[in-house]
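Please find below a colleague's note on this structure, written for someone meeting it for the first time. The sequence and the model come first, and the comments follow.

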Amino acid sequence: MEETEQYKSHVTETEGEVAEGEVAATSPSIDNVDNASDEKDTQRCKIPRKARFGLIALLAIAVIAVAAGVLLSKGSDNEVSISTSDPTSDPTSDSLDMELLAKFVLPGVRISDLNETAPQFRALEWLAYEDPRNFSVEEDATEILELYSLATLYYALGGEDYGFCWLYVPGPELLNSSYHCDWCSIKCDETGLVDNIDFYSDGMRGTLPPEIGNFRNARAMKFHISGLKGSVPAEIGNLRQLTSLDLSYNQLSGSIPSEIENIYGNSNTFTFVTIAFRQLTYLDLSYNSFSGTVPNEIGNLQQLIYLDLYGNTFFGTIPSEIGKLQQLVYLDLYGNTFFGTIPSEIGKLQQLSRLALGANAFSGTVPSEIGELQQLAQLSLSDNIGLTGTVPMEVGQLESIIWATFQNTSLTGGLDDLAFCQKEYQFFRLASDCGGAIPEITCECCTICFVSNGDG
């Protein structure tokens, strides 16, 4: 730019000199016409040969300077820059701004390839023309990419119709002119990179865009009651720092796209999670339509404290490796189609407070090792018609239990003789097949009795 200004200054000075020269050059010609009879005056007004050569040289220098300035101007166009010009300005320059921006945030994608209603196109428009900040791609590359990705999320999930701010998540709405780390639902780390995304809205609709994978420093993501549909994009595997992921109460289905198989060797939803997110402490996929099996790699998630798969269509057996999750406090597998026997290794989960295995297709006996869970407060084995035998004495000795359900199973015997029925306080909920003329289970301390295979 300094060189350009020098050229401009030189051109201005040269043009001034040229102008004076032109006046000097033309004035004698006029005098020569008006005073043709005065030979002495004519000789005085003639321009010497050397002076004419000097003027020609000055004109040549001016032409070269102007040409050089034009070339420099064209050269500067090749530098990637982001303009925040008014979108009502010349359409050609608008396209150029967005094209330059797209080269950075969407490598290999041309603006002409995007539908104008696509979240990506609208995000580019916002960043190029509406965001008030002036960025340098070289200096602000990460921030630009995160702002573009936040804008894409905003448009992909219908933020302009419903917004992401609510009573417990105050702050300016997304795409506000304020600093993006101050936007509601967004938190940043000490370096200014997005650390936490918390979207909660029963009006939100749409699918998660692949740009979700651009938040490489994010440690927590929550899309709760958000009306999300479709599958989880493969790019979520880029979030290797993630410790908390909540996709509960949506309409997500299927498994991770096949691209994941090329990276991790398995396209199964849960296998992907266990391989990609070794740092996870909190995983809530409840109330969706996810499918697949729980693989042996579940044992890799040894930092996991909370695991909720309630209300999906997961199937298969529970691998014994689940016993490696020594930090687990909350385990809810209710409402899937798991089958086989309940692994005895669950008894190794000494921190477990909730164990919900109800509404599946488990069979066999209840492992006595569950009685080793001294912190257990809630136990659900209901709606597993294949469970047989009696409730183990060891389970009945758990004084910590305040909520237990055994109804709609093939369990028999009595609960009254078990220790938890001898406690002075009443259960918050204790349910079994203790109803009907000939109950399957005798239980005076139950708070609710069911008739076998039906309500009582």
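The points below go from the chain as a whole to a helix, a group of strands, the nonpolar core, the disulfides and a single residue.

1. **The chain as a whole.** A reader should keep in mind from the outset that this is a predicted model. The chain is made up of ten helices and 22 strands among its other parts, and of its 456 residues, 44% count as buried. When contacts between residues at least 6 apart in sequence are considered, 54% of them join residues at least 24 apart. The accessible surface amounts to about 22,600 Å², and carbon and sulfur atoms account for 50% of that area.

2. **Helix α6, its length and its cover.** Helix α6 takes in residues 141-156, and at 1.5 Å a residue its 16 residues should span 22 Å, which agrees with the 22 Å that separates its end C-alpha atoms. Because twelve of the 16 residues are buried, α6 is largely enclosed by the rest of the structure. The buried residues include Ile144, Leu147, Leu150 and Leu153, and also, with side chains of other kinds, Glu146, Ser149 and Thr152. The buried set also includes Tyr154, Tyr155 and Ala156. Just after α6, Gly158 adopts a positive phi of about 75°.

3. **Strand β3 and its partners.** Strand β3, residues 220-224, is mostly covered, with four of its five residues buried. Strand β2 (residues 194-200) runs parallel to β3 and is joined to it by five bridges, and in this pairing Phe199 stands opposite Phe223. Strand β5 (residues 244-246) also pairs with β3 in the parallel sense, here over three bridges, with Ala220 of β3 opposite Ser244 of β5.

4. **The largest nonpolar core.** Which residues touch the most other members of the largest nonpolar core? Among its 97 residues, they are Leu124, Ile197, Met221, Phe223, Leu355 and Phe406. At least two residues of this core come from each of α4 (91-105), α5 (119-130), α6, β2 and β3, and the largest share, eight residues, is supplied by α6.

5. **Phe223 as a meeting point.** Phe223, already named as the residue opposite Phe199, deserves a separate look. Leaving aside neighbours within four places in sequence, Phe223 is in contact with Leu153 and Leu157, with Ile197 and Phe199, and with Leu208, Ile212 and Leu228. The remaining contacts of Phe223 are Asp246, Leu247, Ser248 and Asn250. Of these partners, Leu153 is one of the buried residues of α6, and Ile197 is one of the core residues that touch the most other members.

6. **The disulfide of Cys181 and Cys188.** The count of disulfides comes to four, and one of them joins Cys181 to Cys188, with an S to S distance of 2.0 Å. The torsion about the S-S bond is about -90°, so this disulfide is left-handed. Cys181 counts as buried because its relative accessibility is 13%, whereas Cys188 is partly exposed, with a relative accessible area of 22%.

7. **Two further disulfides.** Cys421 and Cys445 form a disulfide in which the sulfur atoms are 1.7 Å apart. This pair links distant parts of the chain, 24 residues apart, with Cys421 in the loop between β18 (410-414) and β19 (429-432) and Cys445 in the loop between β20 (441-442) and β21 (448-451). Another disulfide joins Cys434 to Cys449, with S to S 1.8 Å. Here too distant parts of the chain are linked, 15 residues apart, Cys434 lying in the loop between β19 and β20 and Cys449 in strand β21. The torsion about the S-S bond of Cys434 and Cys449 is about -100°, so the disulfide is left-handed. Is Cys434 buried or exposed? At 12% relative accessibility, Cys434 counts as buried, while Cys449 is partly exposed at 27%.

8. **Gln378, a residue at a strand.** Gln378 lies in strand β15, residues 378-380, and is partly exposed, with a relative accessible area of 25%. Not counting residues up to four places away in sequence, Gln378 touches Ser353, Arg354, Leu355 and Trp403. Leu355 is also one of the core residues that touch the most other members. The C-alpha atoms of Gln378 and Ala404 are separated by 5.8 Å, although these residues are 26 apart along the chain.

Definitions and conventions:
Residues numbered from 1 in each chain as written. Predicted model: local features only at pLDDT ≥ 70, side-chain atom pairs only at ≥ 80, totals over all residues. Heavy atoms only, no water. Buried < 20%, exposed > 50% of the residue type's maximum accessible area, 1.4 Å probe, protein only. Contact = heavy atoms within 4.5 Å. Areas by Shrake-Rupley, 256 points an atom, 1.4 Å probe, with all protein chains shown as cover. Expected span 1.5 Å × (residues − 1). Pairing = 2+ DSSP bridges. Core = buried A, V, L, I, M, F, W, Y, C linked by side-chain atoms within 4.5 Å. Disulfide = S-S within 2.5 Å.
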